[in-house]
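Here is a short report for a reader who is new to this structure. Please look over the sequence and the model first, then read on.

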Amino acid sequence: MHNYEHSVLLDSSKCTGCTTCLKHCPTEAIRITGHAVINEKRCIDCGECIRVCPHQAKKAVSDKLENMDRFKYKIALPAPTLYGQFDNLDDVDYVLDGLLRIGFDDVFEVSKAAELVSAYTRTYLKMQGIKKPVISSACPVVVRLIGLRFPSLNENIIHMLPPMEVAARLAKDRALKAHPELKREEIGTCFISPCPGKVSYVRNGFAEYESQVDVVVSMSDIYFRLIGEMKQDNNIQTMCESGIIGVGWASSGGEASAIFNENYLAADGIDNVIRVLDQIENGNIPQLEFIELNACPGGCVGGVMAMENPFVARARLQSLRHYLPVSQNFVKDDGMIPGEYLFNNLPEYHPITRLSDSIIESMRMMAEIQKLRETLPGIDCGACGAPSCRAFAEDIIRNKTIRDSCPIMNKDDENYDSK
């Protein structure tokens, strides 16, 4: 069985067991046993624990830029969020030229691929038989969250590859056309990422689909190399091939607004995403065509591997968009979507709400959890090491802890039944 390789890790030497991460994890993947312990089967690599940890005990692990040295031809894939990291930037070409100066042979903007994906999404929404509202597949954290916590919504996810993947394939195709002496395996693509979720996506693949991205580096790591090479002069190449639509994908609402349909919803921040998914699952949401969900606050600009405050980065991108055309990428509107823009199957996850593969056993365990939950204090203090009394009761029934772990519970209570 494939072991999921995570990009959010714990440095236990820095962890004090303060429970801050425990209370913010959206999938209850963390327990405190002296220090935090992350349940790898539940973790979605959203980076929320990194964002809230006061001791910097959680960290995002990505590739090193030196990993690209094994390729003869190196292509940078900058996420549009990268443009919002620099102050007073009025031309994307300064960033693209800087990437060439630090050692890349070519640059392919992910925002260019985003405009193509937006165009084909508009076609997808016109197709018969698709389940609506259609949920974007662009955020790998949201896709994993749905598989683990909202599996009934899998059918709503659009089967469109994210712009990062489209960019990687198109970049290699372009390089092979320009340099026929190269072999495909000699061409390396490097995605410059604002979030750990994309790192995990590339390392693990996507169901049967193997990522075309070879290396994922942190935006914060490459920032310092890049800023020293960005020359504000007139000798830079004109390379920008994207517009307002593509750059807009960096912020929440950018993808959804590009479908040119008012029946959409855009939500960002993992708590807001969960509330929206709850409403969709319960049928308590207006009739919508498309739903864009971003785990990071503000969208990709809020990723924990970015440098700049997401609100500042978003403001910079808004200013930069004034210098760009609406779009520089168009597709033939013939009602067809090329197969290379689509994926077939979603990854299969074991839903975290499933207590057992046996329905009968699940029902029995659920009843025991509810009965035990009613005997607990109900204050969700986290002192037991679990995020809530309900989670603590489940841990007891699963034989992962004992009831004595609750320091508040009166052990002389007549309902006390030591496990």
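Asp-357 counts as exposed, because its relative accessibility is 66%. Arg-354 reaches 37% and counts as partly exposed. These two side chains form a salt bridge, with the closest N and O atoms 4.0 Å apart. Note that the model is a predicted one.

## Salt bridges

Side chains of opposite charge can pair when their charged atoms come close. How many salt bridges does a search of the whole structure find? The count is 22. Three of them are set out here.

| Salt bridge | Closest N to O distance |
|---|---|
| Glu-394 and Arg-42 | 3.4 Å |
| Arg-169 and Asp-173 | 3.6 Å |
| Arg-354 and Asp-357 | 4.0 Å |

Take the pair Glu-394 and Arg-42, joined by a salt bridge. Glu-394 sits in helix 14, while Arg-42 sits in the loop between strand 3 and helix 2 (48–52), so their pairing ties together parts that are 352 residues apart in sequence. Both residues are buried. They also belong to a network: salt bridges with shared partners join Arg-42, Arg-390, Glu-394 and Arg-398.

Arg-169 and Asp-173 make a local link. Both lie in helix 6 (residues 163–178), four residues apart, which means about one helical turn separates them. Arg-169 is buried, at 14% relative accessible area. Asp-173 is partly exposed, at 33%.

## Pockets

Rolling a probe the size of a water molecule over the atoms shows where empty space is left. The largest pocket holds about 1,200 Å³ of space. Its lining is made up of 48 residues. Nearest the centre are Asn-39, Glu-40, Lys-41, Arg-42 and Arg-144. Five elements each give two or more residues to this lining: strand 2 (30–33), strand 3 (35–38), helix 5 (140–149), helix 7 (196–204) and helix 14 (389–397). Which element gives the most? Helix 5 does, with five residues. Sorted by class, the lining has 22 nonpolar, 13 polar and 13 charged residues.

The second largest pocket has a volume of about 430 Å³. It is lined by 20 residues. Pro-26, Thr-27, Glu-28, Arg-42 and Arg-149 lie nearest its centre. Helix 1 (20–24), helix 11 (270–282) and helix 14 each supply at least two lining residues. Nine residues of this lining are nonpolar, four are polar and seven are charged.

Arg-42 is a useful landmark. It is among the residues nearest the centre of the largest pocket, and among those nearest the centre of the second largest pocket. Helix 14 lines the largest pocket and the second largest pocket. Helix 14 also holds Glu-394, the salt-bridge partner of Arg-42.

## Strands and sheets

Four strands form an open sheet in the order 6-5-8-9, with parallel pairing. Its edge strands are strand 6 (106–107) and strand 9 (215–218), each of which pairs on one side only. Strand 8 (residues 187–193) runs parallel to strand 9, and four bridges join them. Here Phe-191 has Val-216 in strand 9 as its bridge partner.

Now turn to strand 11 (residues 290–294). Is it buried or exposed? Five of its five residues are buried, so strand 11 is largely enclosed by the rest of the structure. In a regular strand the side chains alternate between the two faces of the sheet. In strand 11, Phe-290, Glu-292 and Asn-294 point one way, and Ile-291 and Leu-293 point the other way.

Strand 11 has parallel partners. Strand 7 (residues 134–135) is joined to strand 11 by two bridges. Ile-135 has Ile-291 as its bridge partner there. Strand 10 (residues 264–268) pairs with strand 11 over five bridges, also in the parallel sense. In that pairing, Asp-268 is matched with Asn-294.

## A buried threonine

Phe-290 leads on to one more residue. Thr-121 is in contact with Phe-290, and also with Ile-158, Met-160 and Ile-259, leaving aside neighbours within four places in sequence. Thr-121 lies in helix 4 (residues 110–125). Why does Thr-121 count as buried? Its relative accessibility is 4%, and buried means under 20%.

Notes:
Residues are numbered from 1 along each chain as its sequence is written. This is a predicted model: local features need pLDDT of at least 70, side-chain atom pairs count only at pLDDT 80 or more; totals for chains, interfaces and linings use all residues. Side-chain values use heavy atoms; hydrogens and water are left out. On a 1 Å grid over the protein atoms alone, a cavity is a set of points where a 1.4 Å probe fits but cannot get out, and a pocket is an open set with protein on both sides within 12 Å along at least five of seven lines; lining residues have an atom within 4 Å of a point. Grid points are joined across faces, edges and corners, and a volume is the space filled by probe spheres set on the points. Ala, Val, Leu, Ile, Met, Phe, Trp, Tyr, Cys and Pro count as nonpolar, Asp, Glu, Lys and Arg as charged, and the others, Gly among them, as polar. Buried means under 20% relative accessible area, exposed over 50%, partly exposed in between (1.4 Å probe, protein chains only). Two strands pair if DSSP finds at least two bridges between them. Contact means heavy atoms within 4.5 Å.
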